[in-house]
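Reader: Could you pick one part of this and go through it with me closely? After that, I'd like to hear about a few other spots worth looking at.

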Amino acid sequence: MKVETGQLTSQIIASYSVGATVQTVLDRLFAKIQSEEYPLDTRLPSERALASEMGVARNTVREALDVLEDRKVIKRRPGSGSFVTYRSEEVPERADNSVALETSPLDHLVVRGILEPEMVRLAVINMTPREVWELEQLMSKIENVHTDVAAFVKCEEEIYRKIAEGTHNPLLASCYNLAIEACRVSFRTTQLRRHLSPKRILEYQQRYNALFNAIASRDVERSVEFIKLHLVEEQKLLLQD
């Protein structure tokens, strides 16, 4: 059955929180890719060229490209540009079990509010000294990130995965991994590009350092209280959007 370009675009960027102008750029770029005006493995025009062609700011083009890369429509190669990786047969007609594509920012935050306090509580109780040391290494890694949003988000995911593993509850860890994947493929990449300024990255680093100190000292109450307060701040950030 033939699927219209607009429907395919909706499938690819479902649940992304983007503005109308970014949406327009996404539609136009994907239409060109699907029609093979930009065939598989070809290099897209530069951000500057696309911005000029479409009459928008480079930041708008960059945000659209972020979404397309996150959905594996394109692949950026540092120093070389953006290359098409999309194949029409790889895009499903909205599989029923595509939970991540159905997850809104609010849905994600609700699930985090359910999982993270218990996840942190169990991690404080169950993490081995080796796991605490590994978590400390991840904390050192994230402290070295100052402006690179993608690198910061990757470190953040690694920290949460390590805490989830530290619960020694495979089902809980698996549920949390799904929450991370839902966040990754849906809305947060574009949201974070807007909000993760160097100042906010520093604030997050300080929060994660406080969380680690509470975990390392085996302080269950302080660790759980911290993560609850962190979730409140995340909610405020979401409501600003």
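Author: I'll start with the overall layout, zoom in on one helix, and then visit some other places in the chain.

This is a predicted model, in which local features need pLDDT of at least 70 and side-chain atom pairs count only at pLDDT 80 or more, while totals for chains, interfaces and linings use all residues. Residues are numbered from 1 along each chain as its sequence is written, and side-chain values use heavy atoms, with hydrogens and water left out.

The chain has twelve helices and two strands (DSSP runs numbered from the N terminus: H or I over at least four residues for a helix, E over at least two for a strand). Reading from the N terminus, the order is α-α-α-α-β-β-α-α-α-α-α-α-α-α. Of its 241 residues, 45% count as buried (buried is under 20% relative accessible area, exposed is over 50%, and partly exposed is in between, with a 1.4 Å probe and protein chains only).

The part I'd zoom in on is helix α12, residues 220–240. Its 21 residues should span 30 Å at 1.5 Å a residue, and the end C-alpha atoms are 31 Å apart, which agrees (the expected span is 1.5 Å times one less than the number of residues). The residues buried here are Ser223, Val224, Phe226, Ile227, His230, Leu231, Glu234, Leu237 and Leu238. Look down the axis of α12 and those buried residues fall within an arc of 155°, so they line one face of the helix (the arc is taken from the directions from the helix axis to the C-beta atoms). On the other side of α12 you'll find Glu221, Leu239 and Gln240, which are exposed.

Now for the start of the helix. A side-chain oxygen of Asp219 comes to within 3.4 Å of the backbone nitrogen of Glu221. Going the other way, the side chain of Ser223 reaches the backbone oxygen of Asp219 at 2.8 Å (a polar contact is a pair of N or O atoms within 3.5 Å; within protein, one must be able to donate a hydrogen and the other to accept it, and residues adjacent in sequence count only if both atoms are side-chain atoms). Ser223 is buried, at 0% relative accessibility.

Further along α12, Glu233 and Lys236 pair up in a salt bridge, 3.4 Å from N to O (a side-chain nitrogen of Lys or Arg within 4 Å of a carboxyl oxygen of Asp or Glu). They sit three residues apart in α12, about one turn of the helix. Glu233 is partly exposed at 33%, and Lys236 is partly exposed at 45%.

What other salt bridges are there to look at? The count comes to 15. Lys162 and Glu165 are another pair with a 3.4 Å distance between the closest N and O atoms, and both lie in helix α8 (residues 149–166), three residues apart. Here Lys162 is buried at 16%, whereas Glu165 is partly exposed at 44%. Both belong to a salt-bridge network with Arg130 and Glu134.

Asp66 and Arg76 meet at 3.0 Å, N to O. Asp66 is in helix α4 and Arg76 in strand β1 (residues 74–77), so the pair ties together parts that are ten residues apart in sequence. Asp66 is buried at 6%; Arg76 is partly exposed at 22%.

As for α4 (residues 58–70), its 13 residues should span 18 Å, and its end C-alpha atoms are 18 Å apart, which agrees. Just after α4 comes Lys72, with a positive phi of about 65°. Lys72 sits in the loop between α4 and β1 and is exposed at 64%. Most residues other than glycine have a negative phi. Asp41 also has a positive phi, near 75°; it is in the loop between α2 (20–34) and α3 (47–54) and is exposed at 52%.

Last stop: the surface. Leu106, Val110 and Ile114 make a nonpolar patch of about 300 Å² (patch residues have over 30% relative accessible area and no salt bridge; like charges are joined within 9 Å, and nonpolar side chains, meaning Val, Leu, Ile, Met, Phe, Trp and Tyr, within 5 Å). Val110 lies in helix α6 (residues 105–126) and is partly exposed at 46%.

Methods. Areas by Shrake-Rupley, 256 points an atom, 1.4 Å probe, with all protein chains shown as cover.
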